[in-house]
Amino acid sequence: MTRKLGVVLLSGGLDSTTVAAQAVQAGYEVVAVTVHYGQVHSRELDSAKEVAEELRLRHEIVDVSFFSRLAWYSALTSPDRFDIPEGRSAEEMAADIPITYVPMRNTFLLALASAYLESHALQELERDGGPSEPVQATLFIAANAIDYSGYPDCRPEFYESLAETLRLGSKIGTQYGVPFEIATPLLHMTKADIVRHAVAIDAPLDKTWSCYEGGAVPCGRCDSCLLRAKGFAEAGVADPLMSLV
(Lines give C-alpha, C1' and ligand atoms only; values in the text may rest on other atoms or scores of the structure.)
Protein backbone atom coordinates (compact mmCIF):
# COMPACT_ATOMS: atom_id res chain seq x y z
CA MET A 1 0.00 0.00 0.00
CA THR A 2 1.31 3.46 -0.95
CA ARG A 3 1.95 6.12 1.70
CA LYS A 4 0.16 9.17 0.30
CA LEU A 5 1.84 12.38 1.47
CA GLY A 6 0.12 15.60 0.48
CA VAL A 7 0.62 19.33 0.89
CA VAL A 8 -2.27 21.64 0.10
CA LEU A 9 -1.71 25.32 -0.61
CA LEU A 10 -4.56 26.71 1.47
CA SER A 11 -5.49 30.35 0.96
CA GLY A 12 -8.75 30.15 2.86
CA GLY A 13 -10.80 30.67 -0.29
CA LEU A 14 -13.63 28.62 -1.76
CA ASP A 15 -11.43 26.73 -4.19
CA SER A 16 -8.49 25.83 -1.94
CA THR A 17 -10.86 24.80 0.85
CA THR A 18 -12.63 22.45 -1.55
CA VAL A 19 -9.31 20.96 -2.65
CA ALA A 20 -8.20 20.46 0.97
CA ALA A 21 -11.43 18.66 1.83
CA GLN A 22 -11.07 16.47 -1.26
CA ALA A 23 -7.48 15.53 -0.39
CA VAL A 24 -8.55 14.49 3.09
CA GLN A 25 -11.41 12.45 1.68
CA ALA A 26 -9.01 10.74 -0.75
CA GLY A 27 -6.92 9.42 2.14
CA TYR A 28 -3.87 11.66 1.94
CA GLU A 29 -1.81 12.60 4.97
CA VAL A 30 -2.49 16.28 4.44
CA VAL A 31 -0.54 19.26 5.66
CA ALA A 32 -2.00 22.66 4.81
CA VAL A 33 0.50 25.38 3.95
CA THR A 34 -0.68 29.00 4.00
CA VAL A 35 1.69 31.68 2.77
CA HIS A 36 1.68 35.31 3.82
CA TYR A 37 3.43 36.69 0.74
CA GLY A 38 2.74 40.35 1.46
CA GLN A 39 -0.86 40.48 0.27
CA VAL A 40 -2.69 43.61 1.33
CA HIS A 41 -4.83 42.06 4.04
CA SER A 42 -4.70 39.12 6.45
CA ARG A 43 -8.39 38.24 6.27
CA GLU A 44 -7.76 35.20 4.09
CA LEU A 45 -5.11 33.97 6.54
CA ASP A 46 -7.72 34.02 9.29
CA SER A 47 -10.05 31.97 7.08
CA ALA A 48 -7.28 29.49 6.31
CA LYS A 49 -6.74 28.93 10.04
CA GLU A 50 -10.45 28.27 10.55
CA VAL A 51 -10.64 25.91 7.57
CA ALA A 52 -7.58 23.93 8.71
CA GLU A 53 -9.02 23.65 12.20
CA GLU A 54 -12.38 22.50 10.86
CA LEU A 55 -10.73 19.84 8.67
CA ARG A 56 -8.32 18.89 11.50
CA LEU A 57 -5.25 19.51 9.39
CA ARG A 58 -1.74 20.18 10.47
CA HIS A 59 -1.30 23.80 9.42
CA GLU A 60 1.90 25.64 8.58
CA ILE A 61 1.65 29.43 8.14
CA VAL A 62 4.74 30.80 6.43
CA ASP A 63 5.61 34.49 6.50
CA VAL A 64 7.49 35.50 3.35
CA SER A 65 6.02 38.98 3.19
CA PHE A 66 9.27 40.27 1.70
CA PHE A 67 8.01 38.75 -1.56
CA SER A 68 5.72 41.74 -2.08
CA ARG A 69 8.81 43.94 -2.49
CA LEU A 70 9.81 41.80 -5.47
CA ALA A 71 6.36 41.08 -6.89
CA TRP A 72 5.26 44.69 -6.46
CA TYR A 73 3.52 45.07 -9.82
CA SER A 74 0.09 43.99 -8.59
CA ALA A 75 -2.92 45.52 -6.90
CA LEU A 76 -2.73 42.74 -4.31
CA THR A 77 0.78 43.71 -3.19
CA SER A 78 0.83 47.44 -4.00
CA PRO A 79 -2.63 48.88 -3.33
CA ASP A 80 -1.11 52.34 -3.09
CA ARG A 81 -0.06 52.13 -6.76
CA PHE A 82 -2.85 50.11 -8.36
CA ASP A 83 -6.61 49.92 -7.92
CA ILE A 84 -8.38 46.56 -7.70
CA PRO A 85 -10.72 46.26 -10.72
CA GLU A 86 -14.41 46.28 -9.84
CA GLY A 87 -17.67 45.48 -11.58
CA ARG A 88 -16.13 43.72 -14.59
CA SER A 89 -18.07 41.32 -16.79
CA ALA A 90 -16.88 37.75 -17.44
CA GLU A 91 -15.85 38.85 -20.93
CA GLU A 92 -13.74 41.68 -19.53
CA MET A 93 -12.09 39.34 -17.03
CA ALA A 94 -11.12 36.94 -19.83
CA ALA A 95 -9.81 39.65 -22.14
CA ASP A 96 -6.41 40.15 -20.51
CA ILE A 97 -4.26 39.38 -17.49
CA PRO A 98 -5.52 41.77 -14.79
CA ILE A 99 -3.55 43.91 -12.36
CA THR A 100 -4.52 41.48 -9.57
CA TYR A 101 -2.07 38.98 -11.07
CA VAL A 102 0.92 38.72 -8.72
CA PRO A 103 4.17 38.12 -10.66
CA MET A 104 5.38 34.54 -10.23
CA ARG A 105 3.18 33.95 -7.17
CA ASN A 106 2.08 30.39 -7.90
CA THR A 107 5.60 29.44 -9.02
CA PHE A 108 6.97 30.75 -5.74
CA LEU A 109 4.26 29.19 -3.58
CA LEU A 110 4.67 25.79 -5.19
CA ALA A 111 8.44 25.94 -4.72
CA LEU A 112 7.90 26.60 -1.01
CA ALA A 113 5.32 23.84 -0.68
CA SER A 114 7.51 21.37 -2.58
CA ALA A 115 10.42 22.01 -0.19
CA TYR A 116 8.16 21.14 2.73
CA LEU A 117 6.78 18.07 0.99
CA GLU A 118 10.20 16.82 -0.09
CA SER A 119 11.47 17.14 3.48
CA HIS A 120 8.57 15.00 4.67
CA ALA A 121 9.13 12.46 1.90
CA LEU A 122 12.87 12.25 2.56
CA GLN A 123 12.19 11.60 6.23
CA GLU A 124 10.19 8.55 5.21
CA LEU A 125 12.57 7.42 2.48
CA GLU A 126 15.73 7.70 4.58
CA ARG A 127 14.55 6.49 7.96
CA ASP A 128 16.34 3.36 9.27
CA GLY A 129 15.85 0.58 6.78
CA GLY A 130 13.94 2.78 4.35
CA PRO A 131 10.17 3.07 4.02
CA SER A 132 7.99 0.06 4.74
CA GLU A 133 5.74 1.03 1.84
CA PRO A 134 6.02 3.10 -1.36
CA VAL A 135 5.80 6.87 -1.01
CA GLN A 136 3.72 9.23 -3.11
CA ALA A 137 4.34 13.01 -2.97
CA THR A 138 1.50 15.25 -4.12
CA LEU A 139 1.15 19.02 -4.15
CA PHE A 140 -2.46 20.20 -4.24
CA ILE A 141 -3.33 23.61 -5.64
CA ALA A 142 -6.74 25.05 -6.42
CA ALA A 143 -5.96 26.29 -9.92
CA ASN A 144 -8.85 26.77 -12.31
CA ALA A 145 -8.65 27.33 -16.06
CA ILE A 146 -12.34 28.03 -16.76
CA ASP A 147 -13.94 30.52 -14.36
CA TYR A 148 -10.84 32.54 -13.49
CA SER A 149 -9.36 35.97 -14.11
CA GLY A 150 -6.96 35.09 -16.93
CA TYR A 151 -3.91 34.28 -14.82
CA PRO A 152 -1.15 32.50 -16.82
CA ASP A 153 -0.19 30.35 -13.81
CA CYS A 154 -3.64 28.74 -13.79
CA ARG A 155 -3.13 26.88 -17.07
CA PRO A 156 -2.56 23.12 -17.39
CA GLU A 157 0.66 23.48 -19.39
CA PHE A 158 2.21 25.48 -16.55
CA TYR A 159 1.62 22.66 -14.06
CA GLU A 160 2.81 19.94 -16.41
CA SER A 161 6.07 21.81 -16.98
CA LEU A 162 6.58 22.70 -13.32
CA ALA A 163 6.05 19.11 -12.15
CA GLU A 164 8.89 17.99 -14.39
CA THR A 165 11.10 20.86 -13.19
CA LEU A 166 10.51 19.87 -9.57
CA ARG A 167 11.33 16.24 -10.36
CA LEU A 168 14.59 17.23 -12.04
CA GLY A 169 15.57 19.52 -9.17
CA SER A 170 14.71 17.23 -6.27
CA LYS A 171 16.45 14.41 -4.46
CA ILE A 172 13.26 12.36 -4.20
CA GLY A 173 12.85 12.59 -7.97
CA THR A 174 16.41 12.02 -9.13
CA GLN A 175 17.67 9.56 -6.52
CA TYR A 176 14.54 7.76 -5.39
CA GLY A 177 12.39 8.01 -8.50
CA VAL A 178 9.50 9.59 -6.62
CA PRO A 179 8.08 12.34 -8.82
CA PHE A 180 6.23 15.35 -7.57
CA GLU A 181 2.64 15.17 -8.65
CA ILE A 182 0.90 18.54 -8.89
CA ALA A 183 -2.78 17.80 -8.40
CA THR A 184 -5.19 20.37 -9.82
CA PRO A 185 -8.57 18.68 -9.29
CA LEU A 186 -10.57 21.86 -10.02
CA LEU A 187 -8.69 22.80 -13.18
CA HIS A 188 -11.50 22.10 -15.63
CA MET A 189 -14.49 22.81 -13.39
CA THR A 190 -16.74 25.83 -13.62
CA LYS A 191 -17.27 27.82 -10.44
CA ALA A 192 -20.74 26.29 -10.19
CA ASP A 193 -19.22 22.80 -10.45
CA ILE A 194 -16.80 23.68 -7.65
CA VAL A 195 -19.61 24.86 -5.40
CA ARG A 196 -21.64 21.69 -6.03
CA HIS A 197 -18.56 19.54 -5.39
CA ALA A 198 -17.74 21.44 -2.19
CA VAL A 199 -21.24 20.85 -0.89
CA ALA A 200 -21.09 17.16 -1.83
CA ILE A 201 -17.88 16.58 0.15
CA ASP A 202 -18.98 18.79 3.04
CA ALA A 203 -16.22 21.37 2.67
CA PRO A 204 -16.55 24.12 5.34
CA LEU A 205 -17.70 26.88 2.99
CA ASP A 206 -18.86 29.04 5.87
CA LYS A 207 -15.20 29.49 6.90
CA THR A 208 -13.98 30.65 3.49
CA TRP A 209 -13.08 34.12 2.20
CA SER A 210 -12.72 35.03 -1.48
CA CYS A 211 -12.76 38.84 -1.59
CA TYR A 212 -9.65 40.74 -2.68
CA GLU A 213 -10.52 43.38 -0.10
CA GLY A 214 -9.96 42.84 3.61
CA GLY A 215 -13.07 44.35 5.15
CA ALA A 216 -15.48 42.84 7.61
CA VAL A 217 -17.76 41.77 4.76
CA PRO A 218 -17.05 40.86 1.11
CA CYS A 219 -17.01 43.88 -1.22
CA GLY A 220 -19.17 42.13 -3.83
CA ARG A 221 -17.50 44.07 -6.66
CA CYS A 222 -14.01 42.65 -7.24
CA ASP A 223 -13.41 39.88 -9.78
CA SER A 224 -13.10 37.24 -7.08
CA CYS A 225 -16.39 38.21 -5.42
CA LEU A 226 -18.19 38.32 -8.77
CA LEU A 227 -16.89 34.90 -9.82
CA ARG A 228 -17.87 33.44 -6.46
CA ALA A 229 -21.38 34.94 -6.66
CA LYS A 230 -21.76 33.59 -10.20
CA GLY A 231 -20.77 30.11 -9.06
CA PHE A 232 -23.16 29.94 -6.13
CA ALA A 233 -26.02 31.38 -8.21
CA GLU A 234 -25.51 28.91 -11.06
CA ALA A 235 -25.21 26.02 -8.59
CA GLY A 236 -28.44 27.06 -6.89
CA VAL A 237 -26.70 27.13 -3.51
CA ALA A 238 -26.90 29.93 -0.94
CA ASP A 239 -23.50 31.44 -0.19
CA PRO A 240 -23.02 31.33 3.60
CA LEU A 241 -20.95 34.54 3.46
CA MET A 242 -23.93 36.50 2.19
CA SER A 243 -25.36 36.47 5.69
CA LEU A 244 -22.54 38.87 6.59
CA VAL A 245 -23.56 41.45 3.98
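Modeller: Happy to go through this one with you; buried means under 20% relative accessible area, exposed means over 50%, and partly exposed lies in between (1.4 Å probe, protein chains only). This is a predicted model in which local features need pLDDT of at least 70 and side-chain atom pairs count only at pLDDT 80 or more, while totals for chains, interfaces and linings use all residues. Residues are numbered from 1 along each chain as its sequence is written, and side-chain values use heavy atoms, with hydrogens and water left out.

Colleague: Thanks! Is Glu 54 buried, partly exposed or exposed?

Modeller: Glu 54 sits in helix 2, residues 43-55; helices here are DSSP runs of H or I with at least four residues, numbered from the N terminus. Its relative accessibility is 48%, so Glu 54 counts as partly exposed.

Colleague: Which residues form the negative surface patch?

Modeller: Patch members have over 30% relative accessible area and no salt bridge, and like charges are joined within 9 Å. Asp and Glu count as negative, with each charge placed at CG of Asp or CD of Glu, and the areas come from the Shrake-Rupley method with a 1.4 Å probe. The negative patch is made by Asp 46, Glu 50, Glu 53, Glu 54 and Asp 202.

Colleague: Where does Asp 202 lie?

Modeller: Asp 202 has a positive phi of about 60° although it is not a glycine. With a relative accessible area of 63%, Asp 202 is exposed. You will find Asp 202 in the loop between helix 8 (191-200) and helix 9 (223-235).

Colleague: What is the relative accessible area of Met 104?

Modeller: Met 104 is a residue other than glycine with a positive phi, near 60°. Its place is in the loop between helix 4 and helix 5 (105-125). Met 104 is exposed, and its relative accessible area is 52%.

Colleague: What distance does helix 1 reach from its first C-alpha to its last?

Modeller: Helix 1 covers residues 14-25, twelve in number. The expected span is 1.5 Å times one less than the number of residues, which gives 16 Å for helix 1. The model is close to that, at 17 Å.

Colleague: Why is helix 1 described as largely enclosed?

Modeller: The buried residues of helix 1 include Leu 14, Asp 15, Ser 16, Thr 17 and Thr 18. Also buried there are Val 19, Ala 20, Ala 21 and Ala 23. Helix 1 is largely enclosed by the rest of the structure because its buried residues number nine of the twelve.

Colleague: How far apart in space are Ala 20 and Ala 216, C-alpha to C-alpha?

Modeller: Ala 20 is part of helix 1, and at 0% relative accessibility it counts as buried. Along the sequence, Ala 20 and Ala 216 are 196 residues apart. In space, their C-alpha separation is 24 Å.

Colleague: And how far apart in space are Gly 87 and Cys 222?

Modeller: Gly 87 is in the loop between helix 3 (67-70) and helix 4 (90-95). At 57% relative accessibility, Gly 87 counts as exposed. Gly 87 and Cys 222 are 135 residues apart in sequence, and C-alpha to C-alpha their distance is 6.3 Å.

Colleague: What separates the C-alpha atoms of Pro 98 and Ala 75?

Modeller: Pro 98 is found in the loop between helix 4 and helix 5, and it counts as buried at 6% relative accessibility. Pro 98 and Ala 75 are 23 residues apart along the chain, with their C-alpha atoms separated by 9.1 Å.

Colleague: How many salt bridges does the structure hold?

Modeller: Side chains of opposite charge can pair when their charged atoms come close. A salt bridge needs a side-chain nitrogen of Lys or Arg within 4 Å of a carboxyl oxygen of Asp or Glu. The number of salt bridges in the structure is 15.

Colleague: Which residue does Asp 96 form a salt bridge with?

Modeller: Asp 96 is partly exposed at 43% relative accessibility. Its partner is buried, with a relative accessible area of 16%. The closest N and O atoms are 3.8 Å apart, and the partner is Arg 88.

Colleague: Which residues are joined into one network by salt bridges that share partners?

Modeller: Asp 206, partly exposed at 48%, meets Lys 207 in a salt bridge of 3.9 Å, N to O. As for the network, shared salt-bridge partners link Arg 3, Glu 29, Glu 124 and Arg 127.

Conventions. Patch = residues over 30% accessible without salt bridge, like charges linked within 9 Å, V, L, I, M, F, W, Y side chains within 5 Å. Helix = DSSP H or I, 4+ residues; strand = E, 2+ residues; numbered from the N terminus.
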